Amino acid sequence: MTTPEQPPRRPAPPRPVPPRPEFAVTPLRATPTDATPKAVAVSLSAWVGSFVVLAGIAGAIALDLGAVRDALEASVAADNPGDSATDITDTVNLTLIGSGAIAVVLILLGLLGIQLLRARKTAGRITLAVVGALSAAGGVGLWMLLSDAGDATAGVLQWAPLAYSALVVVGVLALFAPGVSPWLRPSR
């Protein structure tokens with residue numbers, strides 16, 4: 001307030017603006033890029049390699065089918081001496097057909113998982129993890145099942161199922177590398 005004897009106060013001149021401090025904002029997480037992580041490429045390569053090995057196993061069995069059947073029949077007959085020849089032949093046939101059918105189903109599910117992964121869906125990683133666990137167990141089971149017929153295929157059945165299982169395990173483990181999760185969840 002002003003009184004009649006005092007003139008009104010003039011406003012004080014503005015203070016100079018202090019210099020701004022320099023600062024930088026660093027994000028807590030790295031922003032995902034659209035570039036496919038190397039781990040995904042390794043996983044896809046391992047899966048394709050496993051399919052090639054599985055096709056090689058099927059080809060080796062098909063090329064020496066008679067020798068593989070004879071070796072498996074001799075093994076089943078030695079383990080079950082009281083079974084008839086028809087039962088032994090049926091068991092070998094069912095084993096070979098069942099193994100082939102399971103392999104085809106696992107390949108189709110693996111291809112589905114690969115397509116989901118390439119579409120950057122988390123379901124692709126889950127699908128490939130489940131199919132990978134089943135495939136690795138199936139590869140070891142096939143190795144144990146066909147180990148008696150390993151000599152019939154020039155030794156392919158002695159190492160190829162284990163190589164298949166190893167490739168599948170590499171394909172699954174690569175999907176859980178640190179850079180894959182952010183890539184699967186792109187920013188919207």
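From the N terminus on, the elements of the protein chain run α-α-α-α-α-α. That makes six helices and zero strands. The model is a predicted one.

**Overall dimensions**

The C-alpha trace is elongated in its numbers: along the principal axes of the protein chain it spans about 130 × 25 × 25 Å. The radius of gyration of the protein chain is 33 Å. A compact globule of 188 residues would have a value near 16 Å.

**Packing and surface**

How much of the protein chain is buried? Buried residues make up 30% of the 188 residues. The protein chain exposes about 12,500 Å². Carbon and sulfur atoms supply 65% of that area. Take the contacts between residues at least 6 apart in sequence: 75% of them join residues at least 24 apart.

**Charges**

The protein chain carries 13 positive and 12 negative charges. Where do their mean positions lie relative to each other? They are 39 Å apart.

**Annotated spans**

An unreviewed UniProt entry places the feature "transmembrane region" at residues 39-63, 94-114, 126-146 and 162-184. Two of these spans, including their end C-alpha distances, are set out here.

| Span | Helix | Strand | End C-alpha distance |
|---|---|---|---|
| Residues 94-114 | 100% helix | 0% strand | 30 Å |
| Residues 162-184 | 78% helix | 0% strand | 30 Å |

Residues 94-114 are thus listed by the UniProt record as a transmembrane region, and the model gives that span as 100% helix. Residues 162-184 carry the annotation too, with 78% helix in the model.

Methods:
Residues are numbered from 1 along each chain as its sequence is written. This is a predicted model: local features need pLDDT of at least 70, side-chain atom pairs count only at pLDDT 80 or more; totals for chains, interfaces and linings use all residues. Side-chain values use heavy atoms; hydrogens and water are left out. Helices (H or I, at least four residues) and strands (E, at least two) are DSSP runs, numbered from the N terminus. The radius of gyration is taken over C-alpha atoms; the globule rule is 2.2 Å times the number of residues to the power 0.38. Buried means under 20% relative accessible area, exposed over 50%, partly exposed in between (1.4 Å probe, protein chains only). Contact means heavy atoms within 4.5 Å. Accessible areas come from the Shrake-Rupley method with a 1.4 Å probe; for residues, only the protein chains shown count as cover. Lys and Arg count as positive and Asp and Glu as negative; His and the chain ends are not counted. The place of a charge is taken as NZ of Lys, CZ of Arg, CG of Asp or CD of Glu. UniProt positions are given in the numbering used here, feature names are shortened, and annotations may be inferred rather than shown by experiment.
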